[in-house]
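Here's a quick briefing to go with the model you're about to open. Have a look first, then read on.

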Amino acid sequence: MNKMLTACLALALFAAVPLPAAAQTTSSVSKAERETFTTEEVLDVGHSFFGKTTRGLANAVEYVFQRQGEPSAYIVGEEAAGSFVGGLRYGEGTIYYKNGIKQRIYWQGPSVGFDFGANGSRSLVLIYNSDSPEDLYTRFGGVEGSAYVVGGVGVNFQAKDEIILAPIRTGVGARLGANVGYLKYSSRPNWNPF
């Protein structure tokens, strides 16, 4: 009887022991495991997209990486903006995720401030804490004029909840001042900036 009781207890203990962690799987990838782009990958994209703005681009990318780390996605595109106290910005490009997702994306938005002029620019937008383009289909607020500028390349930051965007721009035009505004990202072009 004593041997039978011991055997039952041993069997019960064995059944109660959890399986090793390696045998347990989940179907979703946690945010801590999100795939990201390295500095070299972003610089390669930037050099092929922007062309000869090598030093300014490298410094701008290094600045963003120091502040935010490695991005989970990026957008390459072009935009046009103009302002006389109140301003508008329109752009379009393609968003790329490390996991292979690629999609067209558009943005537009108003601004207000002590800001005069017009410009056209190429943009490389580094994206943090996003897993799909749908994460971006909302408004992202930001301030321009307090942007980091070096070698003709400017950077500012936009945020919405935990998602952070860092547009890196270079272009032609004359624009002077500072403004506050937002950009609204979407899957289709839209002329309404609001």
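Are Glu79 and Arg89 buried or exposed? Glu79 is buried, and so is Arg89; buried means under 20% relative accessible area, exposed over 50%, and partly exposed in between (1.4 Å probe, protein chains only). Before going further: this is a predicted model, where local features need pLDDT of at least 70, side-chain atom pairs count only at pLDDT 80 or more, and totals for chains, interfaces and linings use all residues. Residues are numbered from 1 along each chain as its sequence is written, and side-chain values use heavy atoms, with hydrogens and water left out.

**Overall layout**

- The protein has 3 helices and 7 strands; these are DSSP runs numbered from the N terminus, with helices being H or I of at least four residues and strands E of at least two.
- Reading from the N terminus, the order of elements is α-α-α-β-β-β-β-β-β-β.
- The protein has 194 residues, and 36% of them count as buried.
- Among contacts with a separation of 6 or more, 71% are between residues 24 or more positions apart; a contact means heavy atoms within 4.5 Å.
- The accessible surface is about 11200 Å², and carbon and sulfur atoms own 60% of that (Shrake-Rupley method with a 1.4 Å probe; for residues, only the protein chains shown count as cover).

**The Glu79 network**

- The structure holds 6 salt bridges, each one a side-chain nitrogen of Lys or Arg within 4 Å of a carboxyl oxygen of Asp or Glu.
- Glu79 and Arg89 pair up through their side chains in one salt bridge, at 2.5 Å from N to O.
- Glu79 also meets Arg169 in a salt bridge, at 2.3 Å from N to O.
- That second pair links distant parts of the chain, with Arg169 in strand β7 and Glu79 in strand β1, 90 residues apart.
- Arg169 is buried, just as Glu79 is.
- Put together, Glu79, Arg89 and Arg169 are linked in a network of salt bridges.

**Ser123, next to that network in contact terms**

- Ser123 sits in strand β2 (residues 102-128).
- With a relative accessible area of 1%, Ser123 is buried.
- The Ser123 side chain makes a polar contact with the side chain of Glu79 at 3.5 Å (a pair of N or O atoms within 3.5 Å; within protein, one must be able to donate a hydrogen and the other to accept it, and residues adjacent in sequence count only if both atoms are side-chain atoms).
- Not counting residues up to four places away in sequence, Ser123 touches several others, including Glu79, Arg169, Trp107 and Ile168.

**Another salt bridge: Asp131 and Arg34**

- Asp131 forms a salt bridge with Arg34, and their closest N and O atoms are 2.6 Å apart.
- This pair connects two loops 97 residues apart: Asp131 is in the one between β2 and β3 (139-144), and Arg34 is in the one between α1 (2-16) and α2 (39-50).
- Asp131 counts as partly exposed because its relative accessibility is 37%, whereas Arg34 is buried at 15%.

**Aromatic pairs**

- There are 6 aromatic pairs, where rings of Phe, Tyr and Trp (its six-membered ring) pair if their centres lie within 6.5 Å, and planes under 30 degrees apart count as stacked, over 60 as edge-to-face and the rest as tilted.
- Tyr74 and Tyr96 are stacked, at 5.2 Å centre to centre with 25 degrees between the planes.
- Tyr74 is buried at 9% relative accessibility, while Tyr96 is partly exposed at 24%.
- Trp107 and Tyr185 have ring centres 5.9 Å apart and planes at 35 degrees, so the pair is tilted.
- Trp107 lies in strand β2 and Tyr185 in strand β7 (residues 163-186), so this pair ties together parts that are 78 residues apart in sequence.
- Both Trp107 and Tyr185 are buried.
- Phe37, Tyr74 and Tyr96 form one aromatic cluster.

**Val64 in helix α3**

- Val64 belongs to helix α3 (residues 54-68) and is buried at 0% relative accessibility.
- Val64 and Leu126 are 62 residues apart in sequence, yet 8.4 Å apart in space, C-alpha to C-alpha.
- Setting aside neighbours within four places in sequence, the contacts of Val64 include Leu126, Tyr128, Phe157 and Ile168.
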